Structures are given as C-alpha cells and as structure tokens.
Amino acid sequence: CDGDLLLTNANILERVATYAETNVLGVEFAEYLSDEAMKVMTSNGVPESRRENTPVYRVNGIGKDIPTQSATGEFIGLQKLADPETIQALVTRLDRLTADERANAYYEDICSELLAEDHHFEAISIPGSAWTEIDTPDDLESARKTFDDIAPEN
C-alpha cells in the first residue's frame, strides 16, 4: 500500500488480500483520468458496472505514459503480490536501482517490465469513494473532511 493512500473502508484491504488471484492491483475504473494518474489498461476493457463486486480484469499495461484514451482505470497504490516468482523478480529489480532511479522512478515502471516478461497482474475494482491520495495540503484538507464525515460518533 502506498504511504499516501487513505481508504474509507477497511474491508477493501480484506477484499484485495483474500482475492483468489495471486497478484492483484486495486484499480478505480474511471471515465476521466488525469494525465498525472498512474493509468492501467486491462485486456477485457472497463467493467460494465463500476461497483465493488465487479470481476477481476487482466492488466496488460500500467504507467503514467499510457494515453488517457487507452486507459481503463487508475491504479490507486494498493496491491497484493503473492506469486513467489513475481516477488523475486520485483525484489531483484529494486535491488538494482541506482540512487537516481530510486529518487525518480516509479515502482509501477517495474511492474510494467514484469508484465512484458509474462508475469500476470489482475485489476480489482475499487470505487472512487473508497480511497483518496494525499499529495498536497489541499488533498490533506479534503481527506480530513471525508474522514470527519464518515467517522463514527464517540
């Protein structure tokens, strides 16, 4: 899970962790994606329904460089990696990163390389209302309002 990701529902962690597929990426299937989004392409398109219970879709591309019109969703920074070969390939690549790459690269770029080497990732649908990312002070303020709205009364 990326460190700047907040989930509004802890059940999402359980859904991703217990899903039958070994390598799962949490994806918000969205009609509009910003150029900055970590975009995902799936082999079987966008689910007809964008509800939580949509099936898993095979990922065939991930990266900021994917054209928005080709993307089917945004990777939210939540994943499960359980295939030992994929984990080992990821660790090997991370260990080889230079200091400059560690400072400037995205780990999703490595996932893209792994896809090209026939490692498989599946996308599980995460609704947009279930997560937020905090990159700026405005994002933090928005997250505070969201969590204030859903926090249980004491």
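1. A strand, as the word is used in this note, is a DSSP run marked E of at least two residues, numbered from the N terminus. The structure discussed here is a predicted model, and the points below take up its pocket, its sheet and one loop residue in turn.

2. With that definition in hand, the largest pocket can be described by the elements around it: strand 5 gives the most to its lining, with four residues. The elements that contribute two or more residues to this lining are strand 5, helix 4 and strand 7, the last of these spanning 131-133. The space within the largest pocket comes to about 290 Å³.

3. The lining of the largest pocket consists of 16 residues, and those that lie nearest its centre are Asp-2, Glu-36, Met-38, Lys-64 and Glu-133. Sorted by class, the lining holds eight charged residues, seven nonpolar residues and one polar residue.

4. Turning to the sheet, five strands form a closed barrel in the order 2-5-3-4-6, and the pairing within the barrel is mixed. Averaged over the sheet, and with direction ignored, neighbouring strands are turned by 55° against each other. Helix 4, which covers residues 107-116, packs on this sheet and touches both strand 4 and strand 5 (73-81), while its direction makes about 125° with that of strand 4.

5. Strand 2 has partners of both senses, since one can follow its bridges to strand 5 and to strand 6 separately. With strand 5 it pairs in the antiparallel sense over six bridges, and in that pairing Leu-25 has Gln-79 of strand 5 as its bridge partner. With strand 6 (residues 122-125), strand 2 runs parallel and is joined by four bridges, and here Gly-26 stands opposite Ile-124.

6. Is strand 2 largely enclosed or open? Six of the seven residues in strand 2 (residues 23-29) are buried, and the strand is therefore largely enclosed by the rest of the structure.

7. Elsewhere in the barrel, strand 3 (residues 39-42) and strand 4 (residues 57-63) run antiparallel and are joined by four bridges. Lys-39 stands opposite Gly-63, which belongs to strand 4.

8. A last point concerns Asp-118, which has its place in the loop between helix 4 and strand 6. Its phi is near 75°, a positive value in a residue other than glycine. Most residues other than glycine have a negative phi. Asp-118 counts as exposed because its relative accessibility is 55%, and the cut-off for that word is over 50%.

Key. Residues are numbered from 1 along each chain as its sequence is written. This is a predicted model: local features need pLDDT of at least 70, side-chain atom pairs count only at pLDDT 80 or more; totals for chains, interfaces and linings use all residues. Side-chain values use heavy atoms; hydrogens and water are left out. Two strands pair if DSSP finds at least two bridges between them. Axes are lines fitted to C-alpha atoms, for helices over the stretch in contact, and angles run from 0 to 180 degrees between N-to-C directions. Contact means heavy atoms within 4.5 Å. On a 1 Å grid over the protein atoms alone, a cavity is a set of points where a 1.4 Å probe fits but cannot get out, and a pocket is an open set with protein on both sides within 12 Å along at least five of seven lines; lining residues have an atom within 4 Å of a point. Grid points are joined across faces, edges and corners, and a volume is the space filled by probe spheres set on the points. Ala, Val, Leu, Ile, Met, Phe, Trp, Tyr, Cys and Pro count as nonpolar, Asp, Glu, Lys and Arg as charged, and the others, Gly among them, as polar. Buried means under 20% relative accessible area, exposed over 50%, partly exposed in between (1.4 Å probe, protein chains only).
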